[in-house]
Amino acid sequence: MNTQETLTMVAFLLAPAFFSLLGMGAIGSPAIAILGEISAKTKKRVFFDKYGQQIGAMGLVLLILLLIVDGAAYAVALTKFPQYIHALFSLNSPLLDTFVAFGVFAFVSLIYFTTWKKMRTNKGLHMTLGMVASLAALTCVALAIPAKIAWTLSHGTPSETAVAAAAGMILPMSTMYALLTMSAAAALSAAYLVLRRNKDDFGRDYYNFSLKLAARWATLPMIGFLACQGWLYAVLPPSYKTLVLGTPLVFAWGGVIALGVVCMLLWILIARSASPLRLKGLTFVALLIFWLLHTLNIMTTINLFTML
């Protein structure tokens, strides 16, 4: 793949990556919301609970959008590629466990997000729902990577090197995408807080607190995500590393790391600011950079899969 083809692919992936980013925000929202709820319980500070509640409201919107987009995509694919879709959803499909985990996540998350106020007197049960939703979401991500790799390998006669590469890629890829969903949820929540500020109006002190919290919680998973990039490269066979370094893919992969660092620097500025509301514009800048990072990461993943 040459430079022009790389740029064309990036441009082609921007729109799907945007909806994928929103979907990751939906999947990561229960984990961030339950962190807020647990923190409110342990640290005895109501702002944590209020932040968790707002993440729940954002997660509900994103989840409904995710279900609509996925449903529309399924309907279109069923019309154009019926045999492929039937095989994908058959009992022999490697993605079946992923779909089950997603169903559990969607069902429990809907209950968790919509009962925040109704279950204020039963926080134990509500937090249990949040933990189940979070576990199902992360399980869905963890199962999706090996399932997609298995699906890719099933459509050819892979070499021993390809099988070894696939086995090595599973754990770092599953980990990095699980971390990315949590970072995406926190990053989206920072922009969501700014957009909802005038409508909800919970007070300047709350928004200063919650913006700093969102920035910190977006940064921490991103550190792990960037570490996974080195882990993923380290487990690739030598021949794959040569392919990466000898093509424009190395610039896309390097771009993922560079943009991740930029996002972290912007979030750290917000988190360390005495008046983060004055830097609210950076939440949207960081989100745009995150979108491009995710686009390049998708492209890198696709290219690694095509090597199998």
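**Helices, cores and Cys 140 in a predicted model**

Me: In which helix does Cys 140 lie?
Reply: This is a predicted model, in which local features need pLDDT of at least 70 and side-chain atom pairs count only at pLDDT 80 or more, while totals for chains, interfaces and linings use all residues. Residues are numbered from 1 along each chain as its sequence is written, and side-chain values use heavy atoms, with hydrogens and water left out. Helices (H or I, at least four residues) and strands (E, at least two) are DSSP runs numbered from the N terminus. On that numbering, the helix that spans residues 123-153 and holds Cys 140 is α5.

Me: Is Cys 140 buried or exposed?
Reply: Buried means under 20% relative accessible area, exposed over 50%, and partly exposed in between, with a 1.4 Å probe and protein chains only. Because its relative accessibility is 8%, Cys 140 counts as buried.

Me: Which residues is Cys 140 in contact with, leaving aside its neighbours within four places in sequence?
Reply: Contact means heavy atoms within 4.5 Å. With those sequence neighbours left aside, the partners of Cys 140 are Thr 98, Ala 101 and Phe 102.

Me: How many helices does the protein have?
Reply: From the N terminus on, the elements run α-α-α-α-α-α-α-α-α-α. There are zero strands in the protein, and the number of helices is 10.

Me: What is the radius of gyration of the protein?
Reply: The radius is taken over C-alpha atoms, and the globule rule is 2.2 Å times the number of residues to the power 0.38. For 308 residues that rule gives 19 Å, and the protein comes close to it, so it is as compact as a globular protein of that length, with a radius of gyration of 20 Å.

Me: Which helix gives the largest share of the largest nonpolar core?
Reply: A nonpolar core is a set of buried Ala, Val, Leu, Ile, Met, Phe, Trp, Tyr and Cys residues joined through side-chain atoms within 4.5 Å. The largest one has 102 residues, and Tyr 51, Met 169 and Trp 267 are among those that touch the most other members. The largest share of this core, 20 residues, comes from the helix of residues 160-200, namely α6.

Me: How many residues are in the other core, which lies apart from the largest one?
Reply: Among the members of this other core are Ala 77, Leu 88, Leu 95 and Trp 151. Its number of residues is six.
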